[in-house]
Amino acid sequence: MAANLIELKNISKSYDGTLILDDLNLTIKENEFLTLLGPSGCGKTTTLRLIGGFETPDRGQILFGGEDISSLPPYERKLNTVFQKYALFTHMSIAENIAFGLKISKKSKAYIDDKIKYALKLVNLDGYEHRSIDSLSGGQQQRIAIARAIVNEPKVLLLDEPLGALDLKLRQDMQYELIRLKNELGITFIYVTHDQEEALTMSDTIAVMNQGYIQQIGSPEDIYNEPCNAFVADFIGESNIIDGVMVHDKLVSFLCIEHECVDTGFGNNQPVDVVIRPEDLEIVAPCDGFMEGDITSVIFKGVHYEIEVLAHGYEWLIHTTQYFEQGSHVGLRVIPFNIQIMHKPESSDEKAVVLDE
Amino acid sequence: MSKRKRRLFAGPYMVWIIGFTVLPILMILYYAFTNADGSFTLSYLAGIGDPVHLKALLLSLRLAVECTVICLILSYPLAMILHGLNIKKQSFVVFIFVLPMWMNFMLRILAWQMLLANNGIINHLLNLLGLHSVRILNTPTAVVFGMVYDFLPFMILPIYNSMIRIRKDVIEAAKDLGANDRIVFFKIIVPMTMSGVISGITMVFVPALTSFVVSDLLGGGKVLLIGNVIEQSFMQGSEWNLGSGLSIVLMIFVIASMAFMNSHSKETEGTAVW
């Protein structure tokens, strides 16, 4: 098990009376690729800025290798940031941009020149030393921003939605670049994004945030397969989320039917959220399913069809590679293992759960 | 629309600039290089060598430099403070600073006359506080006062303009890379606002160098600037040739200073206002 590198302890932060983070605890291990994922306003960027030193917490501690750095200014912290809009120094050449941090730490000229070459090679922009910033595309500018940060050999690289301003294809390419970079450098990445696909692709660990709370933290597989509440289920991928009642262990009732499931320990007749992923639903003959309904829309998405079925008053979302005619009467089937049962929100913590259906 | 047709729209302006800029300059050139009977001479250009004229030119240069430096010292910190404010407060403060420009400039100078007079408001206040009166009016100091007051917005606006273009994340990036406040100031803020500073300096220095109304009103005829000398030779002595000769000399100084400033602003990025 890798050692803990950064620990946030009981961090609270508010702006103009609005609470952004409330009693946040987070541990980041050495060499981890941790992603803070959440909708805008969930506090993920604030968390990153607290680590970077651009904000100070109202309460709580930030430990870096066991030392309290909460009140250190950014220039005294051993980490570097890649900003969403690159934040390059437009009055300097590319080489000068990359050398900025090294010159401040008074490195020798030979060392700086070597580092510039190395960094440009690492981000696949060899020979760009003397170009001007304005001559670069968005993707290239972001690579320079990354190069500028990593030449300082930080122990941690903070990335604040670095791919947000790039187009889709470039974003996907850069995702793989970042994974490769992280493996070559062997340092910790803390990555902020609202893009769940980005988070799933790159991270070792994902912390899903909403309204200032960490809803769930775990590996991408855990988060996707075992979301702990309806918010996470809805935010990571698409989901059918239905109100239900746990009749007793391994039996759940929803939309006036009862269905077998595998969950236990919820008690008897407890209200719960029932979550079924669209790819786990099967379209079958009307009598073969657990409920019947009519197909209301069929949309081709490339890899699969996105089909909506109105059954028992609920609009079910189904992903399937098979084509079905709009308007046909069908049945829905799901295996008990793929039904996920979640507690209804109770605490203030989970009140943050907002579903946009 | 054809190119030729489009050019027609520039017609009124062409008439204006030819009639009121090009022709007068040609006339000044003519008068500067000829004497009363119309033959070629350089003696009027050499007129600047006259000790009185030379003194006036040097005083003009000195006061223009003083005025520019004071404007710069007042404007730069202000622009930095503005940069830190939210956008609503920013526009309000800028509004306050531009407000005097809406008043006639002669009126403003006349108001300074009242304020600075020996029995004016400022001396009244000083007396009330039990302090000695000061004699400011009719001294070079009064002229600098008036010029600073008049030209300050021309310094503030371009500097402010270039300052607000610096995004906050650029400054954060510098700090992130290890720059303390001093390095951020000298390596990021100053270079990134250079075009605004240069534009501001030009817009203050040139009018200050050529000004004569301010020195007339606040100098009380005792502060003789090169502008006053030129004005007098046209208006009082009817020495058009000498006035033109001195004008050409002054023009050379103006063009030289602008060329100097330009050579120091390689990349103006459109922040320059002139």
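These are legends for close-up views of a predicted model.

**View 1. Chain B at a glance, helices from end to end.** Chain B has 12 helices and zero strands. Reading from the N terminus, the order is simply α-α-α-α-α-α-α-α-α-α-α-α. Its C-alpha atoms fill a box of roughly 70 × 70 × 35 Å along the principal axes. Of its 274 residues, 35% count as buried. Take the contacts in chain B with a separation of 6 or more: 75% of them join residues 24 or more positions apart.

**View 2. Helix α2 of chain B, hardly covered.** This helix takes in residues 11-33 of chain B. How many of the 23 residues of α2(B) are buried? The count is two. Look for a kink of about 40° as you follow α2(B); Ile18(B) is at its centre. For the length, 23 residues at 1.5 Å each should span 33 Å, because the expected span is 1.5 Å times one less than the number of residues. The end C-alpha atoms of α2(B) are 31 Å apart, which agrees.

**View 3. Helix α7 of chain B, mostly covered.** Here the helix is residues 140-164 of chain B. Of the 25 residues in α7(B), 21 are buried. Where does the kink in α7(B) lie? You'll find it at Phe151(B), shortly before the proline Pro153(B), and the angle is about 45°. The 25 residues should span 36 Å at 1.5 Å a residue, and with the end C-alpha atoms 35 Å apart, the two values agree.

**View 4. The largest nonpolar core, between two domains of chain A.** This core has 103 residues. Those that touch the most other members are Ala145(A), Ala147(A), Leu157(A), Ile190(A), Ala207(A), Val208(A) and Ile341(A). Helix α4 of chain A, residues 138-150, gives the most to this core, with six residues. Why does the core lie between domain 1 (4-225) and domain 2 (239-356) of chain A? Both domains give residues to it, so that is where it sits.

**View 5. Zooming in on Ala207(A), and a core that lies apart.** Set aside the neighbours within four places in sequence, and Ala207(A) is in contact with Leu26(A), Leu34(A), Leu36(A) and Leu37(A), along with Ile214(A) and Ile217(A). Apart from the core in the previous view lies another, of 53 residues. Among its members are Cys67(B), Phe154(B), Val223(B) and Leu246(B).

Methods:
Residues are numbered from 1 along each chain as its sequence is written. Chains are lettered from A and ligands numbered from 1 in the order in which they are written. This is a predicted model: local features need pLDDT of at least 70, side-chain atom pairs count only at pLDDT 80 or more; totals for chains, interfaces and linings use all residues. Helices (H or I, at least four residues) and strands (E, at least two) are DSSP runs, numbered from the N terminus. The bend at a residue is the angle between axes fitted to the seven residues ending there and the seven starting there. A residue is buried if 20 or more other C-beta atoms lie within 10 Å of its own, exposed if 12 or fewer, and partly exposed in between; C-beta atoms are placed from the backbone. A nonpolar core is a set of buried Ala, Val, Leu, Ile, Met, Phe, Trp, Tyr and Cys residues joined through C-beta atoms within 7 Å. Domain bounds come from an automatic or database domain assignment. Two residues are in contact if their C-beta atoms, placed from the backbone, lie within 7 Å.
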